[in-house]
Amino acid sequence: MTSVLSHAENLIAGRAHTAPGRERFEKFKPADGGLLCTVARSGPDEVAEAVAAARAAQPAWAARTPVERGNIVRGIALALGERREEAAQLVADETGKALELALGEVDAAIEMGFFAAGEGRRLYGRTTTSSMPHRTVMAVRQPVGVAALIVSFNTPLPNYAWKAFPALVCGNTSVLKPSEHTPLSAALFCEVCSEAGVPPGALNLVHGLGEEVGPSLLDNAAVDLVSFTGSAETGRSIQERAGRRLAKVVLELGGKNALVVCDDADLDRAVEWSLASAFSNAGQRCAAASRLVVFDRVYDAFRDRFLAAARTYDAGPVISEQSLARILDALDGANVVVGGKRIDRAGYWLEPTVVEDVSPGAELSRTELFGPVTILYRVRDFDEALALVNESPYGLTAAVHTGSVHRAMRFADSAQAGVVVVNGGTHGSEPHMGFGGVKQSGTGWREAGVEALDVYTDWKYVNVISDPAKT
């Protein structure tokens, strides 16, 4: 991997590919601002080559049995485990997160590989009855075709695994477009896939800036499916563009997730989970707790403990100088009670930030910042808390801390979110759990879990009419 550490190249049809005659762009380390590598700055020509390679490889890949495809994905997971420390160090370098967090993400990607591999033996269809005598009706899953996999930077390896592994098991070929902030982990992931037996063209890698690569990928008629993880703003433009040609578009978008602390909550536990949900990974999670909704009777006690812990929390850096500037601009004029300032050190570091006195209808309450910023809200009772949770354009995750099973079940029933957690954090999905949201947090699809099979397959109904008289 010595070459990829200085230069990140595309992988097209199984070969390293440099965009001829095009500039490269530089990737800097969030932790100290130093240069990490240069990256292939692809354009429409490279996208067209990658899509053509995926299209050419798809029939032969789909012709293999799901069991065989699953076995290859299992081999990828095992190979990734053998390079666990190397992969984690690349993730830590390109995102700035602590090595411990990066190791956990490598493990999460491996587990997704094992889960998806097993679905090769469980790619179940259905049989049903008919009103016509001697008619058997079967529903079987078919690959969608060529998938464009466009991912965010925040948890790169799990993001690749959540998309690429079920896509491969289901018989699709893909073009992976990673974030420009995480080229090294994408290069290692695709290298591991290739070495583990994914044939040339079945998984292609195209680096580049979104505005220079995205349009040609979305407009290519040979791309049957677009699977995107990222912001609602970008997701909306992807839906509009790819939707014009009626491509299948799957969006896993952002959140403005709420964590509720009731007056019967274990406050120590609530503070612990609130800190992790709001600030871990520098708050760069679609499932981050950017709204903390606290009952009036325990507000002051919770506030004192939470603010004291926030002052010493090591959130890590945000991903780029531009991201840091955007967050600081959004905080201008807000009532910041802790943090809110750039940390005086090399890199892109923002103090863990807590804001008060923000109206639920204010822009700050309704905009995903994707940084270590959370807002405290004081509410009278459960009804007001639940109303505030649902007063959001997003609906990805929500959590409640309470000692009452009655409150917990009502919250689970009434919170407008795709994922609800009781007495835990707003984040922390697992491979067998379908993940996604409602409202502006997605378009109804789910990633991971068996629900991912619905993303990467289409249903075909087969009708067989027999004649017993001819037996």
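This report walks through a seven-stranded sheet, some aromatic pairs and a few single residues. The model is a predicted one.

## The sheet and its central strands

A good place to begin is the open sheet of seven strands. Their order is S15-S16-S17-S14-S13-S19-S20, and the pairing is mixed. Strand S15 (335-338) and strand S20 (419-422) stand at the edges with a single partner strand each, so one side of each has no neighbour in the sheet. From one strand to the next, the twist averages 25°. As a general point, strands of a sheet pair through backbone hydrogen bonds, in either a parallel or an antiparallel way.

Now look at strand S13, which covers residues 257-261. How many of its five residues are buried? Five of the five are, and the strand is mostly covered. In a regular strand, side chains alternate between the two faces of the sheet. In S13, Asn257, Leu259 and Val261 point one way, while Ala258 and Val260 point the other way, and all are buried.

S13 has parallel partners in S14 and S19. Five bridges join S13 to strand S14 (residues 289-295), and the two run parallel. Val260 has Val293 as its bridge partner in S14. Four bridges join S13 to strand S19 (residues 397-401), again running parallel. There, Val261 stands opposite His401.

Following S14 onward brings us to strand S17 (residues 373-379), which pairs with S14 in the parallel sense over five bridges. Val293 of S14 is useful to find on screen: Val293 is the bridge partner of Val260, and Val293 also stands opposite Tyr377 in S17.

Helices join the picture too. S13, H10 and S14 make a right-handed β-α-β unit. Helix H14 (residues 382-390) lies across S13, S14, S17 and S19, and runs at about 165° to S14.

## Aromatic rings

Next come the ring-bearing side chains. A search of the whole structure finds seven aromatic pairs. The table shows two of them.

| Pair | Arrangement | Centre to centre | Angle between planes |
|---|---|---|---|
| Phe165 and Phe189 | tilted | 5.5 Å | 45° |
| Phe279 and Phe306 | stacked | 5.9 Å | 20° |

Why does the pair of Phe165 and Phe189 tie together parts that are 24 residues apart in sequence? Phe165 lies in helix H6 (residues 156-169) and Phe189 lies in helix H7 (residues 183-195), so the pair ties those parts together. Phe165 is buried, and so is Phe189.

The pair of Phe279 and Phe306 links distant parts of the chain as well. Phe279 is in helix H10 (residues 267-279) and Phe306 is in helix H11 (residues 296-310), 27 residues apart. Both of these residues, Phe279 and Phe306, are buried. Are they part of a cluster, and which residues form it? Phe279, Phe302, Phe306 and Tyr313 form one aromatic cluster. H10, the helix that holds Phe279, is also the helix of the β-α-β unit with S13 and S14.

Charged side chains meet rings in this model too. Arg126 lies over the face of Trp459, at 4.4 Å from the ring centre. The charged end of Arg345 sits over the ring of Trp349, 3.6 Å from its centre.

## Three residues in loops

To finish, here are some residues in loops. Thr155 is found in the loop between strand S8 (146-150) and H6. Is Thr155 buried or exposed? Thr155 has a relative accessible area of 14%, so it is buried, as this is under the 20% cut-off. Leaving aside neighbours within four places in sequence, Thr155 is in contact with Lys97, Glu105 and Asn281.

Phe370 lies in the loop between helix H13 (363-366) and S17. Its phi is near 60°, a positive value in a residue other than glycine. At 15% relative accessibility, Phe370 counts as buried.

Asn423 is placed in the loop between S20 and strand S21 (438-439). Phi of Asn423 is near 60°, again a positive value in a residue other than glycine. What is the relative accessible area of Asn423? The value is 25%, so Asn423 is partly exposed.

Technical notes:
Residues are numbered from 1 along each chain as its sequence is written. This is a predicted model: local features need pLDDT of at least 70, side-chain atom pairs count only at pLDDT 80 or more; totals for chains, interfaces and linings use all residues. Side-chain values use heavy atoms; hydrogens and water are left out. Rings of Phe, Tyr and Trp (its six-membered ring) pair if their centres lie within 6.5 Å; planes under 30 degrees apart count as stacked, over 60 as edge-to-face and the rest as tilted. Buried means under 20% relative accessible area, exposed over 50%, partly exposed in between (1.4 Å probe, protein chains only). A charge sits over a ring if NZ of Lys or CZ of Arg is within 6 Å of the ring centre and within 35 degrees of the ring normal. Two strands pair if DSSP finds at least two bridges between them. A crossover is right-handed if, with the strands pointing away from the viewer, the path from the first strand over the helix to the second runs clockwise. Axes are lines fitted to C-alpha atoms, for helices over the stretch in contact, and angles run from 0 to 180 degrees between N-to-C directions. Contact means heavy atoms within 4.5 Å.
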